[in-house]
Amino acid sequence: MEEVASRYGMALFSLALDLNKVEAFQDEVKQWNEIFNENREIYEVLSSSFLSKKERKDIFVKMTPGMSQEIQNFVLIIIDNNRIHQLEDIFYAFNSFCNEEKGIKEGIIYSVVPLKKDVLNSINEKISKLEKQKVELRNVIDKSLIGGIKVVVCDHVYDDSLKFHVEEMRRNLLKGG
C-alpha cells in the first residue's frame with residue numbers, strides 16, 4: 001500500500017473511530033468506491049487542470065448529494081491536495097484499517113475477467129470457511145491465468161487457474177519422462 005494512501009486512509013479511519021462510525025463509513029466508502037470505479041470519467045473531471053479547485057469541488061458536491069458530510073469533506077480535502085487520482089487507493093487503505101480492527105483477513109482473487117458479485121461472494125464464503133475466519137477478497141484481473149481463478153490470503157494460495165493446471169501437467173510429464 002502506498003504511503004500517501006495509507007496516511008489518508010488512516011486519517012479517515014481515525015475520524016471514523018472518533019465518531020464511532022467505523023461500520024457506517026466503511027459501508028459508505030465501499031458503495032462510493034464502486035460508483036466511482038464504474039464511472040472512471042469522474043476521476044478525469046475531478047483532476048482536470050482546465051477547472052479550478054473550486055469548480056472541481058463544486059462539481060463533486062453536486063455529484064454526491066447522498067454522501068455523508070464527513071466523507072464528502074474528506075474527499076474535498078483530497079481534491080484540495082490534488083490527490084483525487086489516489087482516491088481508490090485511499091479508500092482501499094481505509095477499508096484495510098477497518099477490516100484489521102474487525103479481525104477480517106484480506107485477500108486477492110485473481111481472474112481473467114471481472115467476477116460478478118454473486119460469484120465473488122460465493123468464493124468469499126468458501127475461502128472464509130477454509131481460513132476459519134471471515135475473509136474479504138478483492139478482484140484483480142490477471143490475463144496470464146488463461147482461465148480459472150487464483151486466491152491469495154496472507155501466505156495461503158488457492159490456485160485453480162488453467163495456467164496452474166497446465167504447469168502441473170508439465171511437471172508431471174517431466175517427472176515421468
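The following paragraphs lead through the fold, the largest pocket, the hairpin, the surface patch and the salt bridges of this structure.

The model is predicted, so that local features need pLDDT of at least 70 and side-chain atom pairs count only at pLDDT 80 or more, while totals for chains, interfaces and linings use all residues. Residues are numbered from 1 along each chain as its sequence is written, and side-chain values use heavy atoms, with hydrogens and water left out.

The protein chain holds eight helices and four strands, where helices (H or I, at least four residues) and strands (E, at least two) are DSSP runs numbered from the N terminus. Read from the N terminus, the order of elements is α-α-α-α-α-α-β-α-β-β-β-α. Along the principal axes, the C-alpha atoms fill a box of roughly 70 × 40 × 30 Å. Of the 177 residues in the chain, 36% are buried. In this scheme, buried means under 20% relative accessible area, exposed over 50%, and partly exposed in between, with a 1.4 Å probe and protein chains only.

Attention now turns to empty space. Rolling a probe the size of a water molecule over the atoms shows where such space is left. The largest pocket has a volume of about 1,000 Å³. A pocket is an open set of points on a 1 Å grid over the protein atoms alone, with protein on both sides within 12 Å along at least five of seven lines, and its lining residues have an atom within 4 Å of a point. The volume is the space filled by probe spheres set on the points, which are joined across faces, edges and corners. The lining of the largest pocket comprises 30 residues, of which E34, L120, L137, R138 and N139 are the closest to its centre. Two or more lining residues come from each of helix 2 (22-38), helix 6 (87-102), strand 1 (105-111), helix 7 (117-131) and strand 2. Helix 2 provides the largest share, with eight residues.

Further along the chain, strand 3 and strand 4 form a hairpin with two residues between them. The two strands run antiparallel, and six bridges join strand 3 to strand 4 (residues 156-161); strands count as paired if DSSP finds at least two bridges between them. Within this pairing, I149 stands opposite D160 in strand 4. C154 lies in the loop between strand 3 and strand 4 and has a positive phi of about 50 degrees, although C154 is not a glycine. C154 is also exposed, at a relative accessible area of 55%.

A second positive phi, near 70 degrees, belongs to I146, again a residue other than glycine. I146 sits in the loop between strand 2 (135-141) and strand 3 (148-153). Because its relative accessible area is 56%, I146 counts as exposed. Together with L162, V166 and M169, I146 forms a nonpolar surface patch with about 380 Å² of accessible area. Such patches are made of residues with over 30% relative accessible area and no salt bridge, with nonpolar side chains (Val, Leu, Ile, Met, Phe, Trp, Tyr) joined within 5 Å and like charges within 9 Å. The areas come from the Shrake-Rupley method with a 1.4 Å probe; for residues, only the protein chains shown count as cover.

S48, in the loop between helix 3 (41-46) and helix 4 (53-63), is by contrast buried, with a relative accessible area of 16%. The C-alpha atoms of S48 and N82 are separated by 9.9 Å, although the two residues are 34 residues apart along the chain.

The whole structure contains ten salt bridges, each defined as a side-chain nitrogen of Lys or Arg within 4 Å of a carboxyl oxygen of Asp or Glu. One of them joins the side chains of E70 and K21 at 3.1 Å, N to O. This pair links distant parts of the chain, with E70 in helix 5 (residues 69-80) and K21 in the loop between helix 1 (3-18) and helix 2, 49 residues apart. E70 is partly exposed at 24% relative accessibility, and K21 is partly exposed at 31%.

Another salt bridge joins E23 to K102, with the closest N and O atoms 3.3 Å apart. E23 lies in helix 2 and K102 in helix 6, so this pair ties together parts that are 79 residues apart in sequence. Relative accessible areas of 45% for E23 and 34% for K102 place these residues in the partly exposed class. In a further salt bridge, the closest N and O atoms of K105 and E131 are 2.7 Å apart. Here strand 1, which holds K105, is linked to helix 7, which holds E131, across 26 residues. Both K105 and E131 are buried.

Notes:
On a 1 Å grid over the protein atoms alone, a cavity is a set of points where a 1.4 Å probe fits but cannot get out, and a pocket is an open set with protein on both sides within 12 Å along at least five of seven lines; lining residues have an atom within 4 Å of a point.
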